[in-house]
Amino acid sequence: MHNFRVLLFVLTLALCLIPPCIAAQIDTFNSTLPGPQPNSASQDLPPIAADGMLTLTITVDSALVSQYTTLALKDAANQTIDFTYVSSSPKELYVPVAPGIFTIYVHNGLNTPGSFTVVADYDQANSAATESEVNDTQVQANNVTTSSFGGSIGYKRSANETDLSDWYKIEVATDAVLQLILQTATTMVNANATYMNLYDADGERITYELVGSTTETLRYPLSPGTFYVQLFLGLGNRYGPYTITSSFESPCSQAVTESEVNDTLEQANTAHPTTVGSVGYTRRKDERDAVDYFSFTAQAGDAPFDVIFTPLSDTLKSSNGYVHCWDPQGNIIEWYYLTAEKTFHFTDLVSGIYSCRVKPEGGKYGCYIFQGFPDSGTGPPTIGSVLILLLDSN
């Protein structure tokens, strides 16, 4: 029967942000190894309530300093999570642990008698965490309700289970560029195996950012819908606290009045008097708002009709994108690049539907103004913001 004395201290969770603060002592384990087999001793730790770093420091008699003396941490099923050889005294064992019950275990394989002391220190990973575990899968994703959210990842729940994936669910209300700024500890950084992923509602990855530094930024243009952010550790030796700050950049300085979906001629918005639109935003991995259609119906002999297209966002302006306009028979009347304002003249009108299509290429996206009005010879009517040319920075 082991003769040992245990001194329990009140578990004080340190208020640890990034970087972590000084650990709080939670337990001291004093005992002896009697010599005859089984030459081992163990002690349960106080329950761990949150992700954190557990540091076990063992001090032994000189007789126990040996590769045959081990200090180990075991899980609730008595399986070894991690261990170290006591090749010097004192000797430390560092284990990032998730909430749970854990046991200190000391063993000498040569049945050498001697005394030892193990001091257990605990350092909470992220006292400002909003994360609710378990959020290991898309189905378990935490709902994002604030602009700043986060938690910790890479902490061991047991010998066979480590938290390697955290999921968050983000709702996008309007066309916007979603920006995610990740801040984390150096222990989580790995430019080849730590990922911040963006998924669509179908579970398909849209894009990602490798976490090669303690601050990483992901930006992507998204249409209204449900999207998911995943932090993923491809290596089991990475861990740490993190915070993600999210924001949305609208494509226009004024309200978008375009009515989606207008991806086909049948869905076209009316080409008058003035529409503020946005195009090029991603709905899911393999679907984006790639085109916007506008149309007007004419009768034979109607007065000429003008359409003015004005790109507002620098992210939309490109010589790879086009505005095409067609007559009712499908013949192209005129086309132009998305580089600058362009007026299209419709003359000698016949009965039928005239149409125009805005189509950016090469991943371009942004905001524009589309105006349609009868050509009175005096230019467009001064209705609202018809002639306001916005120089958006998007």
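1. Pocket. The largest pocket has a volume of about 260 Å³. A total of 17 residues line this pocket. Closest to its centre are Thr174, Asp175, Pro224, Val256 and Ser278. By type, the lining of the largest pocket divides into seven nonpolar, five polar and five charged residues. Please read this, and every point below, as a description of a predicted model.

2. Overall make-up. The chain has 394 residues, and buried residues make up 47% of them. How many helices and strands are there in the chain? The count is zero helices and 31 strands. Contacts reach far along the sequence. Among those with a separation of 6 or more, 73% are between residues 24 or more positions apart.

3. One open sheet. Five strands form an open sheet, and their order is β21-β25-β30-β27-β28. The pairing in this sheet is mixed. Which are the edge strands? They are β21, at residues 269-270, and β28, at residues 332-337. Each of these two pairs on one side only. As background, strands of a sheet pair through backbone hydrogen bonds, either parallel or antiparallel.

4. A pair inside that sheet. Strand β25 covers residues 292-298, and strand β30 covers residues 352-359. The two run antiparallel. Seven bridges join them. To find the register by eye, start at Phe296, which stands opposite Tyr354 in β30.

5. Thr70. This residue has its place in strand β5, residues 66-74. Is Thr70 buried or exposed? Its relative accessibility is 15%, so Thr70 counts as buried, the limit being under 20%. Its contacts beyond four places in sequence come in two runs of numbering. One run is Phe83, Thr84, Tyr85 and Val86. The other is Tyr105, Val106 and His107.

6. Leu210. Strand β17, residues 205-210, holds Leu210. Leu210 is partly exposed, at a relative accessible area of 29%. Leu210 and Met196 are 14 residues apart in sequence. In space their C-alpha atoms are 6.4 Å apart. Setting aside neighbours within four places, Leu210 is in contact with Ala191, Asn192, Ala193, Thr194 and Tyr195, and also with Glu216.

7. Salt bridges, and one between strands. Side chains of opposite charge can pair when their charged atoms come close. The count of salt bridges in this model comes to 15. One of them joins Glu249 to Arg219, with the closest N and O atoms 2.8 Å apart. Why does this pair tie together parts that are 30 residues apart in sequence? Glu249 lies in strand β20, residues 240-249, while Arg219 lies in strand β18, residues 215-222, so the salt bridge spans that separation. Both partners are partly exposed: Glu249 has a relative accessible area of 28%, and Arg219 is at 39%.

8. Glu287 and its two arginines. Glu287 forms a salt bridge with Arg283, the closest N and O atoms being 3.3 Å apart. Glu287 also forms one with Arg284, and there the closest N and O atoms are 2.5 Å apart. What is the accessibility of each residue? Glu287 is partly exposed at 31%. Arg284 is partly exposed too, with a relative accessible area of 37%. Arg283 counts as buried, at 16% relative accessibility.

9. The network around them. Which residues are linked with Glu287 in a network of salt bridges? They are Asp202, Glu260, Asp263, Arg283, Arg284 and Asp289. View these residues together with Glu287 in the structure, since point 8 covers just part of the network.

10. Thr257. This residue is found in the loop between β20 and β21. Strand β20 also holds Glu249 of point 7, and β21 is an edge strand of the sheet in point 3. Thr257 and Val276 are 19 residues apart in sequence, yet their C-alpha atoms are 5.2 Å apart in space. Not counting residues up to four places away, Thr257 touches Thr274, Thr275 and Val276.

How values were computed
Residues numbered from 1 in each chain as written. Predicted model: local features only at pLDDT ≥ 70, side-chain atom pairs only at ≥ 80, totals over all residues. Heavy atoms only, no water. 1 Å grid on protein atoms, 1.4 Å probe; cavity = no way out; pocket = protein on both sides within 12 Å on 5 of 7 lines; lining within 4 Å. Points joined across faces, edges and corners; volume = space filled by probe spheres on them. Nonpolar A, V, L, I, M, F, W, Y, C, P; charged D, E, K, R; others polar. Pairing = 2+ DSSP bridges. Helix = DSSP H or I, 4+ residues; strand = E, 2+ residues; numbered from the N terminus. Buried < 20%, exposed > 50% of the residue type's maximum accessible area, 1.4 Å probe, protein only. Contact = heavy atoms within 4.5 Å. Salt bridge = Lys/Arg side-chain N within 4 Å of Asp/Glu carboxyl O.
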